[in-house]
Amino acid sequence: MSSISLIFSVFLLFLILSVSSRTGEARPSFACDPQNTNTKTLPFCKASLPIPNRVRDLIGRLTLQEKIRLLVNNAAPVPRLGISGYEWWSEALHGVSNTGPGVKFGGKFPGATSFPQVITTAASFNSSLWELIGRVVSDEARAMYNGGSAGLTYWSPNVNIFRDPRWGRGQETPGEDPVLASRYAASYVRGLQQPHGRDGNRLKVAACCKHYTAYDMDNWNGVDRFHFNAKVSKQDLEDTFDVPFRACVVDGNVASVMCSYNQVNGKPTCADPNLLRNTIRGEWRLNGYIVSDCDSVGVFYDTQHYTATPEDAAAIAIKSGLDLDCGPFLAVHTEQAVKTGKLSELDVNGALINTLTVQMRLGMYDGEPSAQPFGHLGPRAVCTPAHQQLALEAARQGIVLLKNRGTSLPLSRLRHRTIAVIGPNSDVTVTMIGNYAGVPCGYTTPLQGIGRYAKTNHQPGCSDVACSGGQLFGAAVNAARQADATVLLMGLDQSIEAEFKDRVGLLLPGRQQELVSMVARASKGPTILVLMSGGPIDVSFAQNDPRISAILWVGYPGQAGGTAIADVVFGTTNPGGKLPMTWYPQDYVAKLPMTTMAMRSNPATGYPGRTYRFYKGPVVYPFGHGLSYTHFVHTIAADAPKVVSVPLGGGHSGRNTTFSGNSVRIKHAKCNRLSVGLQVEVKNTGSMDGTHTLLVYSESPAGNWAPHKQLVAFEKVQVPAGSKQRVGINIHVCKYLSVVDKNGIRRIPMGKHNLHIGNVKHPFSLQALPLGEIKS
């Protein structure tokens, strides 16, 4: 079918749906309907006019009461202007989700492609994959919007740093490293939004980066996110917590940022003008709107008692830079705030400028959706074979091989013809998609996936992941005794780690460890432990047990997880994932409460520090760990730079001693194209083709306040067996080789730096040109 005939068919379908919508059976009407003679000639409906002019015209036509009812997620209709109500809250964390009220599955949209949970996809370290997933999700989101089943504003992704391994929502994030989280954030946002139009300012859908900022605790030891005051140093805000949000806005050009429930240093984030108006909109230049987490304004009034009256809460939120309230609070209390002079109508107009501009950029005031860009997308664009194949590929790329004794994996279809498939996660469906998921196109469970390769004997061993009883252990042990190989599928699910639920410890729940050990002792063939979880697990017992041949971490691998697991176990896929978070021993969490936000260690108090960047103690598996069925060797080309000059500008030149050596403020350096470039040769010396994740770390001369090491670059490279590939690496000096001092000022340390790539180290020096005196 040609694009013209397709558009015409969609248009005919739309006309039918428009008629049926009067009986509540289909899509609601849209703004600026060309059939509405009362509104079609109004300036805000003229797509040819500049968007700022259209927004001003629309705001000028609204009463104060109408304006206020547009300040909340379930924005009210304005019938006299032909504007329908709109639900802002939709979610698309790893596929179109029905977590928010903006998405409705059913009818012609029974499901959508459910990709692996974000922590799993992050383990691929593949930014082109992340952007491609975003494109697919936005195709399906637009299709559902065109069919009246979804909105166009998606409050995803979650880019908070996975600071503490107990956090129940760590599964939603790209992990613990700010550079990894930043690359993920910008890539996924670009994929979702796909800017287009003559000025590149139009949006396919509008993404939202959340939850700003220092939000990484839900409910731990009697402290919940609604009451928590995160005490964070300027250094940690600049160096860790704010980094992914800056990347979202500056690199991804995201259309929205969501402020969080918690306070930061005594101020609710949704009531802090320094965070919202000064930083997000001022310093980073957000082109979009700022939204509250759901009922955050009500929380800081009712729960945190931050203001004396609800009108004060409404006023301080909007004046601080909040544009939209998820929840009813602003709709209820803003008018009184205006009447009492605590807020002006101009302040309300300012918020509406930001929200309505995004709606205009989405084409929501350009008439019928079928005639717009992406208007051709419909039910056939959802759950396509290509989309489902991408979900499978994402799951494969996110699987991490933690242990492989000898050549235990991959299993052989010839030698391992019968497989004992054991464990509470062996035949799961919903567990595989994690949280903030929708209705998948379909599932392949691990049991089904393994069954495509070999005959299976399935014994759950435990009735669920809590594994409180041992009644089923005997059958599982007997199955392992008789099989050629045993695959144990253990781990966690949303009953253990979730929103509102942080973990107490890091061990496998209940009697899972006992079951694993019993089965491993009895197993006739190799025993493979497959862990399904969002957070790290202390599996030291399995790591040290020679009877456990191999360990795989699969995260929450999405709708095709069972196929991906089986493909890796039997060697159809060579695993290439790397851990996006540190796996700590259980006693690590006994040394620090979740409520302590400091990233850096403090030897004087015994505080161990957080993440691989600042923690030096024992680990179960380190950040970046991941094995392959083949072996890769790195070589850095001989022409790699030994000295890199940092030109100074802005009227400043010279030296400012702040650490153990010299450093230069990045605002005093000419940062634009300042980078360190090198060529890395990756050779596959094994017998199997493989995809290698090249991780580049920097070690700085800045002393105690710098990270021990910092990820500064990563690339994926496909290398056939026995061959080699050359990879170009460019490291932006100001972005990636700078460190942050105690005052939150980012500086470039002069002197000797080291780059680490696997076992290879490349030293080089940064030198300021010219040297002189910098005024702080």
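**Figure 1. Helix 2 and helix 13 cross at an oblique angle.** Angles under 35 degrees count as roughly parallel, those over 145 as roughly antiparallel, those from 65 to 115 as roughly perpendicular, and the rest as oblique. Please keep in mind, here and in every view below, that this is a predicted model. Helix 2 covers residues 51-61 and helix 13 covers residues 345-361; their axes come within 9 Å and cross at roughly 125°. The two helices are therefore oblique to each other. As for handedness, helix 2 passes helix 13 in a right-handed crossing.

**Figure 2. Helix 6 is largely enclosed by the rest of the structure.** Helix 6 runs over residues 178-193, which makes 16 residues. From its first C-alpha to its last it reaches 22 Å, close to the 22 Å expected at 1.5 Å a residue. How many of the 16 residues of helix 6 are buried? The count is 14, so the helix is largely enclosed by the rest of the structure. Both ends of helix 6 are worth a look. At the start, a side-chain oxygen of Asp 177 reaches to within 2.9 Å of the backbone nitrogen of Val 179. Just after the helix, Gln 194 takes a positive phi of about 40°.

**Figure 3. Helix 6 packs against helix 8.** Helix 8 is formed by residues 243-250, and it packs with helix 6 at an angle of about 25°, the axes being 8 Å apart. That angle makes helix 6 roughly parallel to helix 8. The crossing of helix 6 and helix 8 is right-handed.

**Figure 4. Six strands form an open sheet with mixed pairing.** Reading across the sheet, the strand order is 11-16-15-14-12-13. Which strands are the edge strands? They are strand 11 and strand 13 (455-459), each of which pairs on one side only. From one strand to the next, the twist averages 20°. At one edge, strand 13 runs parallel to strand 12 (residues 418-422), and five bridges join the two. Within this pair, Ile 422 stands opposite Gln 459 of strand 13.

**Figure 5. Strand 16 has a parallel partner in strand 15 and an antiparallel partner in strand 11.** Strands of a sheet pair through backbone hydrogen bonds, either parallel or antiparallel. Here, strand 11 (residues 400-404) runs antiparallel to strand 16, and four bridges join them. Strand 15 (residues 527-532) pairs with strand 16 in the parallel sense, also over four bridges. To find your way in the view, look for Lys 403, which stands opposite Ile 551 in strand 16. On the strand 15 side, the bridge partner of Ile 528 is Ala 550 in strand 16.

**Figure 6. The side chains of strand 16 point two ways, and all are buried.** In a regular strand the side chains alternate between the two faces of the sheet. In strand 16 (residues 550-553), Ala 550 and Leu 552 point one way. Ile 551 and Trp 553 point the other way. Are these four residues buried or exposed? All of them are buried.

**Figure 7. Three strands form an open sheet with parallel pairing.** The strand order in this sheet is 3-7-10. Strand 3 (209-212) and strand 10 (289-292) are the edge strands, each pairing on one side only. On average, and ignoring direction, neighbouring strands of this sheet are turned by 30° against each other. Two bridges join strand 3 to strand 7 (residues 256-259), and these strands run parallel. In this pairing, Cys 209 stands opposite Val 257 of strand 7.

**Figure 8. Ser 156 is a buried loop residue.** Where does Ser 156 lie? It is found in the loop between helix 5 (127-146) and helix 6. Its relative accessibility is 0%, so Ser 156 counts as buried. A polar atom of its side chain lies 2.9 Å from the backbone nitrogen of Ala 92.

**Figure 9. Ala 721 is a partly exposed loop residue.** Ala 721 sits in the loop between strand 23 (710-719) and strand 24 (724-732). With 31% relative accessibility, Ala 721 counts as partly exposed. For a sense of scale, the C-alpha atoms of Ala 721 and Ala 564 are separated by 22 Å, while the two residues are 157 residues apart along the chain.

Terms used. Residues numbered from 1 in each chain as written. Predicted model: local features only at pLDDT ≥ 70, side-chain atom pairs only at ≥ 80, totals over all residues. Heavy atoms only, no water. Buried < 20%, exposed > 50% of the residue type's maximum accessible area, 1.4 Å probe, protein only. Pairing = 2+ DSSP bridges. Expected span 1.5 Å × (residues − 1). Polar contact = N/O pair within 3.5 Å; in protein donor to acceptor, adjacent residues only side chain to side chain. Axes fitted to C-alpha atoms, helices over the stretch in contact; angles between N-to-C directions. Left-handed = near helix turned anticlockwise from the far one by under 90°.
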